[in-house]
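User: Pick one spot in this structure and take me through it closely. Then work outward from there to whatever else is worth a look.

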Amino acid sequence: MDYRQTRVISGKGTGAHQFRESLNGIGFDPAGRLYAVGDREVKVFDGEGTLKKRWETQQPPYCVAVRDDGSVFVGEAGQVEMFDQSGNRVGAWEDADRFGTVTSIGFHEDHVLIADAADRCIRRYDKTGKWINDIGKDNNTKGFLIPNGYLDFSVDETGVIHASNSAKHRVERYTLDGELLGFFGHFGMVRPENFPGCCNPTNLTLAGEGKLVVTEKAGPRMKVYDRDRKLLGFVGGDAFHAECKNMDVAVDGQDRIYVVDTVRLSVLVFESEGGSKP
Amino acid sequence: MKKQPTRRDVLGHVVRGTGLLVLGGAAVHLVRRANAEGAWWIDPTKCVNIRLGATGVEVCDLCATDCVLPLSAIRAVNEFSECGRCCICPAYYDVRSEVGPDGLPSRKLCPRDAITREAIGEVDPEDPLNNFYEYTIDEDKCNGCGACVMGCKEPAGLGSIRLEVRYDVCLDCNRCTIAQVCPDDAIVQKAIDLPGA
Ligand code: SF4
Ligand code: SF4
Ligand code: SF4
């Protein structure tokens with residue numbers, strides 16, 4: 001399956017819709033608005049890529065996720081900040097020990113899942129912010145192996161967590177209780193379905209029909225796997241700046257794929273050649 | 001961006017070199033030599049093997065080939081505190097070589113076999129991917145060819161390996177022969193603050 005770039009959102013600059021120094025994370029709200037975090041800001045774009053809102057964060061943000069009720073969770077160093085849809089700060093979970101570097105946030109039912117790249121694991125909380133358990137901390141490496149300093153995961157509708165264990169060149173599946181269910185992927189520099197370099201994939205998200213979308217660094221690529229983890233297609237070459245790494249990825253309701261170019265500070269939108277599925 | 005050598009870095013190198021040479025009574029001479037007009041130094045923001053942004057380009061091996069010494073005064077140095085300790089290290093392995101039955105690349109990158117590694121922490125002998133590794137460069141073998149430095153550079157690695165002039169062996173030539181051929185003008189004389197200077 002071929003994917004082509006159809007749009008570019010934001011970019012490096014001083015305009016209101018642009019980022020000056022960093023663009024780290026993206027996510028969607030239930031209404032299909034794109035949230036992008038970088039510098040010290042959250043920016044919200046509509047389906048056309050037009051900036052609708054922006055507000056400041058307390059710390060430089062690493063990731064963003066929006067819960068079904070519209071609450072916006074922003075991952076930072078030492079804390080997770082929460083905002084309402086208007087950008088009003090409604091609270092924060094602060095825990096320097098458990099939130100060293102929050103690089104990914106996900107939700108399942110009443111649970112909030114928070115990846116701490118500093119301690120190399122995923123934390124499970126209830127909706128009030130009470131810690132329940134860690135995921136990946138009891139595996140045979142006492143945490144994910146992430147030399148790239150970024151831990152990303154996505155949770156499916158059944159509550160299975162799909163997490164990148166990048167130095168093992170695997171995407172691993174865990175239950176909410178932290179039991180390892182299995183994994184796919186291994187190192188390889190030649191065949192595109194394999195994961196190259198020291199540590200890939202760096203980022204991932206689940207898409208419609210059980211698909212998995214990942215990004216890699218050195219050289220930067222976006223790849224799409226089907227439900228059985230057969231490679232469906234990939235984008236590489238000049239699509240991203242060669243120095244990109246830890247490129248966050250998100251998928252909208254039409255299965256369009258959004259990838260952060262972490263050097264040009266833009267969000268690239270890709271659609272399959274057959275068109276996106278409603 | 002790579003940091004310039006601090007007084008502490010330079011002192012560390014000199015002290016190490018001094019330890020080797022002290023029986024020969026060369027320590028005083030060494031300090032004097034490095035202080036003369038400043039010492040030759042590799043600017044990490046210029047050297048193609050080290051500087052960020054130079055990816056997908058040929059490795060420059062002139063530091064290995066153009067020093068007046070038979071074994072160049074330039075060495076690769078791994079800053080342990082910045083190393084990711086990856087299993088499939090792109091500076092240790094030739095990651096483009098065929099993958100062996102153990103799932104690892106079949107060839108090493110260093111042409112002089114100067115890099116060794118040791119599993120650290122809780123070692124899992126069954127699965128090399130479960131381990132962290134400490135990578136050490138044997139300075140008696142390394143000639144500063146730069147291959148590992150380029151391999152470790154961001155974004156492929158973390159850039160913990162860089163090239164440095166070893167002041168305990170550098171002759172501090174008036175005109176460094178590498179500086180004369182360096183395509184990036186990366187070898188420059190720099191005032192270096194040494195104890196007693
Ligand atoms: S000659 Fe210059 S560019 Fe080449 S390795 Fe030495 S310092 Fe770097
Ligand atoms: S600089 Fe060259 S010789 Fe020295 S350790 Fe690296 S690859 Fe080996
Ligand atoms: S000053 Fe002389 S000994 Fe030192 S690196 Fe240059 S050529 Fe080699």
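Analyst: A:Gly38 belongs to strand 3 of chain A, residues 34–38 (strands are DSSP runs of E, at least two residues, and helices are runs of H or I, at least four, both numbered from the N terminus). This is a predicted model, so local features need pLDDT of at least 70 and side-chain atom pairs pLDDT 80 or more, while totals for chains, interfaces and linings use all residues; side-chain values use heavy atoms, leaving out hydrogens and water. Residues are numbered from 1 along each chain as its sequence is written, with chains lettered from A and ligands numbered from 1 in the order in which they are written.

Back to the glycine. A:Gly38 counts as buried, at 0% relative accessibility (buried is under 20% relative accessible area, exposed over 50%, partly exposed in between, using a 1.4 Å probe and protein chains only). Skip everything up to four places away in sequence, and A:Gly38 still touches A:Phe19, A:Ser22, A:Leu23, A:Asn24 and A:Pro61 (contact is heavy atoms within 4.5 Å). A:Glu21 sits 17 residues away from A:Gly38 along the chain, yet their C-alpha atoms are 7.6 Å apart.

Another strand residue to look at is A:Glu216, in strand 19 (residues 212–216) of chain A. A:Glu216 is buried too, with a relative accessible area of 1%. Its side chain has a polar contact of 2.8 Å with the side chain of A:Arg221, and one of 2.5 Å with that of A:Lys223 (a polar contact is N or O atoms within 3.5 Å; within protein one must be able to donate a hydrogen and the other to accept it, and residues adjacent in sequence count only through side-chain atoms on both sides). Beyond four places in sequence, the contacts of A:Glu216 include A:Asn194, A:Phe195, A:Pro196 and A:Met247.

Now the face chain A shares with chain B. Here 21 residues of chain A are in contact with 23 of chain B, and the two chains bury about 1,800 Å² between them, 59% of it on carbon and sulfur atoms (that is accessible area, 1.4 Å probe, lost on putting the parts together and summed over both). A:Phe187, A:Met189 and A:Glu243 supply 32% of what chain A buries there, more than any other three residues. The interface has 2 salt bridges (a side-chain nitrogen of Lys or Arg within 4 Å of a carboxyl oxygen of Asp or Glu). A:Arg170 and B:Asp127 form a salt bridge, 3.7 Å from N to O. There are also 5 residue pairs in polar contact across the interface. On its side, chain A puts in 9 nonpolar, 5 polar and 7 charged residues (Ala, Val, Leu, Ile, Met, Phe, Trp, Tyr, Cys and Pro are nonpolar, Asp, Glu, Lys and Arg charged, the others, Gly among them, polar).

Over in chain B, there are 5 helices and 6 strands, and 47% of its 197 residues count as buried. Among chain B contacts between residues at least 6 apart in sequence, 72% join residues at least 24 apart.

Chain B also lines the ligands. The shell of ligand 1 includes B:Cys47, B:Cys60, B:Cys63 and B:Cys182, and splits into 10 nonpolar, 1 polar and 1 charged. Around ligand 2 there are 14 residues, with B:Cys110, B:Cys142, B:Cys145, B:Gly146 and B:Cys148 coming nearest. Ligand 3 has B:Trp40, B:Cys67, B:Cys170, B:Cys173 and B:Cys176 among its surroundings, and no charged residues in its shell (for these shells, a heavy atom of the residue lies within 4 Å of the molecule).
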